[in-house]
Amino acid sequence: MREIRNIVILTGAGVSAESGVPTFRGPDGLWEGHRVEDVATPQVFRRDPELVQSFYDQRRAALARVQPNAAHHALAKLDAEWPHDLLLVTQNVDDLHDRAGSKRLLHMHGELKSAWCLSCDRRTPWDGALSNDPACPACGARGHLRPDIVWFGEMPYDMDRIDRALSRADLFVSIGTSGNVYPAAGFVDLASHAGARTLELNLDPSMTSPRFDESRLGPAGTLVPALVEELLNP
Ligand code: BV8
């Protein structure tokens, strides 16, 4: 691990599992009785905004009942102490990395705690419900606020920044993701192509496991602190 300088880390729902946040495709994989693919689309939002808004209202409210776990805290420690480039790209829309203190952090699929006004295009930090059609704090319009979440068929955020970081990475670590969703599932290939070492930490083998130089199987709460220790004290 000595020659490692620039690191890119990708996390998925598995990093939040030990905090009690259900994953998408595991045994507990239904969100409020829905599969995420069946609700997280602009088409469903247009057809049935109530269904989609309440799906996200319930998940946003649930954030108050969960805490960051040892994996989130270890990644925040790495963020604070790693002297070279580091970018933590999360697919998760929860705020657990933020609450643990990660700063060099990017939510490529958006955030539950943000509302996006379709009238003025501004995004506002948001804690409460959206299904009761609150007014946009920026422009005052009512009934135009949607969850600031990247749905299927929508472009993930900050792809240029992610591509640039992957093209310079010496190490790419994927933590707690099943490798089902693109473009995130393709990051390992971009990193390999750039000459990075690729490492997967996951409870079970994922769709992308064969494309990693190394796969470590186990819970993130155990594997991530150990990896951070390895990186900070090689
Ligand atoms: C786009 C927000 C283009 C919603 C999400 C056919 C082939 C290839 C691609 C496609 C295709 N058809 C369509 C596509 C594209 C599509 C896609 O990939 N679909 C999939 C389903 C096939 N992708 C998109 O639409 C993306 N956009 O492509 O845009 C474009 C181009 C030009 C112009 C415009 C657009 C947008 C995708 C984003 C969708 N939004 N999230 C919400 O969260 O409500 S995706 C959703 O899945 C979540 O973000 C989640 O993070 C993500 C991935 O899931 P995981 O995080 O991996 O979670 P999962 O449950 O699957 O796995 C958990 C893992 O953790 C497991 O492996 C488990 O073993 C492990 N685990 C469990 N416990 C632990 C653990 N690991 C460690 N420790 C533990 N304790």
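## The largest pocket

By class, 22 nonpolar, 16 polar and six charged residues make up the lining of the largest pocket. What you have in front of you is a predicted model, and this pocket is a good place to start exploring it. Its volume is about 880 Å³. A total of 44 residues line the largest pocket, and those closest to its centre are Ala 13, Phe 24, Arg 25, Gly 176 and Ser 178.

If you prefer to navigate by secondary structure, look to H1, H4 and strand S8 (197-202), each of which supplies at least two residues of the pocket lining. The largest pocket is also where the ligand sits.

## The shell around the ligand

Now for the ligand itself. It is surrounded by 37 residues, and the closest of them are Arg 25, Arg 59, Gly 153, Thr 177 and Ser 178. Sorted by class, this shell holds 18 nonpolar, 13 polar and six charged residues. Three helices can be picked out here: helix H1 (14-17), helix H2 (36-39) and helix H4 (49-62) each provide at least two residues of the shell.

Arg 25 and Ser 178 are worth selecting in your viewer, as they are listed among the residues closest to the ligand and also among those closest to the centre of the largest pocket.

## Polar contacts and burial

Which atoms of the protein lie 3.0 Å from an oxygen atom of the ligand? Gln 91 supplies one through its backbone, where an N or O atom is at that distance from a ligand oxygen. Asn 202 uses its side chain instead: a polar atom there lies 2.9 Å from an oxygen atom of the ligand. On the nitrogen side, an N or O atom in the side chain of Glu 18 is 3.0 Å from a nitrogen atom of the ligand. The ligand on its own exposes 1,500 Å², and the protein buries 74% of that area.

## Two cavities

How many cavities of 30 Å³ or more does a search of the whole structure find? There are two. The largest cavity contains about 60 Å³ of space. Its lining consists of Leu 10, Gln 91, Phe 172, Ser 174, Thr 177, Gly 179, Ala 184, Ala 185, Val 188, Thr 208 and Phe 212. By class these are six nonpolar and five polar residues, with no charged ones. Two familiar names appear in this lining, Gln 91 and Thr 177: Gln 91 has the backbone atom 3.0 Å from a ligand oxygen, and Thr 177 is one of the residues closest to the ligand.

The second largest cavity has a volume of about 40 Å³. Ile 9, Leu 75, Leu 78, Asp 79, Leu 86, Leu 88 and Ser 102 line it, which divide into five nonpolar, one polar and one charged. Helix H5 (70-81) and strand S2 (86-90) each give at least two residues to this lining, and the largest share, three residues, comes from H5.

## Backbone details to check

Most residues other than glycine have a negative phi, and most peptide bonds are trans. Two spots in this model depart from that pattern. The peptide bond from Tyr 182 to Pro 183 is cis, with omega near 0°. You will find Pro 183 in the loop between strand S7 (171-175) and helix H8 (187-193).

The other spot is Asp 121, which is not a glycine yet has a positive phi of about 70°. Asp 121 belongs to the loop that runs between strand S4 (110-117) and strand S5 (123-125).

How values were computed
Residues numbered from 1 in each chain as written. Predicted model: local features only at pLDDT ≥ 70, side-chain atom pairs only at ≥ 80, totals over all residues. Heavy atoms only, no water. Near = heavy atom within 4 Å. Polar contact = N/O pair within 3.5 Å; in protein donor to acceptor, adjacent residues only side chain to side chain. Areas by Shrake-Rupley, 256 points an atom, 1.4 Å probe, with all protein chains shown as cover. 1 Å grid on protein atoms, 1.4 Å probe; cavity = no way out; pocket = protein on both sides within 12 Å on 5 of 7 lines; lining within 4 Å. Sits in = over half its atoms within 2 Å of the grid points. Helix = DSSP H or I, 4+ residues; strand = E, 2+ residues; numbered from the N terminus. Nonpolar A, V, L, I, M, F, W, Y, C, P; charged D, E, K, R; others polar. Points joined across faces, edges and corners; volume = space filled by probe spheres on them.
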